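Student: I have a structure open and would like to talk it through. Can we go chain by chain and then look at the ligand?

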Amino acid sequence: MPSVSMIVNGKPVSAAIEARTLLVQFLRETLRLTGTHVGCDTSQCGACVVNVDGRSVKSCTMLAVQAEGAQIATIEGLAQGDRLHPMQEAFREHHGLQCGFCTSGMVMGALDLVRGSPDPSEHQIREWLEGNLCRCTGYHNIVKSIAAGAKAMRG
Amino acid sequence: MATAADGRFLAGGHALLPSLKQRLDHPSDLIDPGAIAELRGVTKAGGILTIGAMTPHADVANSAVVRASIPALADLAAGIGDPQVRNRATLGGSVAGNPTADYPAALLGLGATIHTDRRQIRADDFFVGTSKTALGRGEIVTAVAFPVPEKAAYAKFSGLASRYAIAGVFVGKSSKGVRVAVTGAGACVFRDLDMENALAADFAPRAIDGLRIPVSGLRSDRHASAEYRAHLIGVMARRAVAACR
Ligand SMILES: Cc1cc2nc3c(=O)[nH]c(=O)nc-3n(C[C@H](O)[C@H](O)[C@H](O)COP(=O)(O)OP(=O)(O)OC[C@H]3O[C@@H](n4cnc5c(N)ncnc54)[C@H](O)[C@@H]3O)c2cc1C
Ligand code: FES
Ligand code: FES
């Protein structure tokens, strides 16, 4: 079995895995980081979004071996102890989640948006959410949350 | 690749991995050329814009060079799928994997040349049928060279779920004439010569107002009937001509 090494939430990890292991399987099953979800497994829903070298990707549509040497950020790496990341806090404050299944993907996608556009317009946020499906909220509060999270991150 | 019984290149994986999950394809080996830096990036020399095959859509959409020389191409890349798809899926994968995707319309509409490890192929000779290209076994697309046009634009009517084109029309105008490429509507991207001739005489949306688009050869599926697609081609073509810059 090939071995793979990457940095996940700042910590170096390596493991011997089957070559066909998806990045999301590696995160959830090998590393037990179950905050990243699998909604569809068909590249449509965005529940599995994590950041690879800063860019948001669907971890169900990438092999773990393709992330060799990369910096991976997942939802588990955002909070500092009991203090939520400003984007997480904004989702809490603005009711940007109900069941929470889509939320980690929404938050990780939002961080990639803010990286390129620190002050995104409502239109930009809505366009950016093209690949993140939510079955609960109707999106309005997610859009509000991301705008507020971006504002908090600008400080 | 030479020693693999039935190998595939794995680029962005956004077509290949879903098809492996569904057991629609059974390759013996996967080869990821992702580490080859030469296959990635944008360069412009003379009137030619060259984009490496492993360049993801997001890099084309965000490239200042692409935006300055062929804005229609940057806009097309920015309209593919969603942000996460654009961060992974590549030009080479779109061109090699699916002759009804968005990029093939730009290649045909701009008269681009596909560079491989073995040869150069004109877009006109590259897209040859349903899921078929002129690529040989184990042949890899290394880059695509786009001649910079006077003006160009792409208009597409997207499917609601995937954003793939139900009908997409790319119009390119250069000193060599006008090219009109239609994607998503048939089994393979194609040029519409009637529209090209009409636009060569008068480059304005009204020039193609009355043209009838033949229905034969167009797809009918749960997204749209062939008749509806024929209608959409006319609408998208007029929109593209009006948007040309
Ligand atoms: C949710 C979703 C939405 C999408 N929406 C759109 C859309 O709106 N419009 C659109 O046009 N496309 C869309 N796509 C498809 C996408 O843009 C790419 O066309 C597709 O992912 C293939 O590119 P890839 O880099 O992922 O290739 P892969 O999946 O890695 O490869 C696809 C095929 O091409 C071969 N291949 C890859 N690179 C090369 C190369 N350099 N040389 C030779 N062969 C090669 C592979 O062996 C494989 O057979 C969407 C995809 C998804 C998952
Ligand atoms: S689980 Fe990856 S996109 Fe839905
Ligand atoms: S909060 Fe339930 S799916 Fe989004």
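Tutor: The turns below cover the sheet in chain A, the overall build of chain B, the nonpolar cores and the ligand; note that this is a predicted model.

Student: Start with the sheet in chain A. In what order do the strands come?

Tutor: The order is E2-E1-E5-E3-E4, an open sheet of five strands with mixed pairing.

Student: Which strands are at the edges?

Tutor: Strand E2 (11–16) and strand E4 (55–58) of chain A; each of them pairs on one side only. On average, neighbouring strands in the sheet are turned by 40 degrees against each other, direction ignored.

Student: How many bridges join E1(A) to E2(A)?

Tutor: Six, and the two strands run antiparallel; E1 of chain A covers residues 3–8. Within that pairing, Ile7(A) stands opposite Pro12(A).

Student: Which helix packs on the sheet?

Tutor: Helix H3 of chain A, residues 103–116. Helix H3(A) touches strands E3 (49–52), E4 and E5 (71–73), and its direction makes about 35 degrees with that of E3(A).

Student: Now chain B. How many helices and strands?

Tutor: Chain B has ten helices and 13 strands. Its radius of gyration is 17 Å, and the globule rule gives 18 Å for 245 residues, so chain B is as compact as a globular protein of that length. The C-alpha trace spans about 55 × 45 × 30 Å along its principal axes.

Student: What share of chain B is buried?

Tutor: 47% of the 245 residues count as buried. Among the contacts in chain B with a separation of 6 or more, 57% are between residues 24 or more positions apart.

Student: Which residues touch the most others in the largest nonpolar core?

Tutor: Val169(B), Val171(B), Ala237(B) and Ala240(B), out of 69 residues in that core. Leaving out residues up to four places away in sequence, Ala240(B) touches Ala153(B), Tyr154(B), Ala155(B), Val169(B), Phe170(B) and Val171(B). There is also a second, separate core of 46 residues, which includes Met6(A), Val49(A), Val114(A) and Val143(A).

Student: Why would such residues cluster at all?

Tutor: In soluble globular proteins, nonpolar side chains tend to be buried together.

Student: Last topic, the ligand. Where does ligand 1 lie?

Tutor: Ligand 1 lies between chains A and B. It is surrounded by 32 residues, the closest being Gly12(B), His14(B), Gly92(B), Gly93(B) and Ala101(B).

Student: Which element gives the largest share of that shell?

Tutor: Helix H6(B), with five residues. Strand E1 (7–9), helix H6 (91–97) and helix H7 (102–110) of chain B each supply at least two.

Methods. Residues numbered from 1 in each chain as written. Chains lettered and ligands numbered in written order. Predicted model: local features only at pLDDT ≥ 70, side-chain atom pairs only at ≥ 80, totals over all residues. Pairing = 2+ DSSP bridges. Helix = DSSP H or I, 4+ residues; strand = E, 2+ residues; numbered from the N terminus. Axes fitted to C-alpha atoms, helices over the stretch in contact; angles between N-to-C directions. Contact = placed C-beta atoms within 7 Å. Rg over C-alpha atoms; globule rule 2.2 N^0.38 Å. Buried ≥ 20, exposed ≤ 12 C-beta atoms within 10 Å, placed from the backbone. Core = buried A, V, L, I, M, F, W, Y, C linked by C-beta atoms within 7 Å. Near = placed C-beta within 6 Å.
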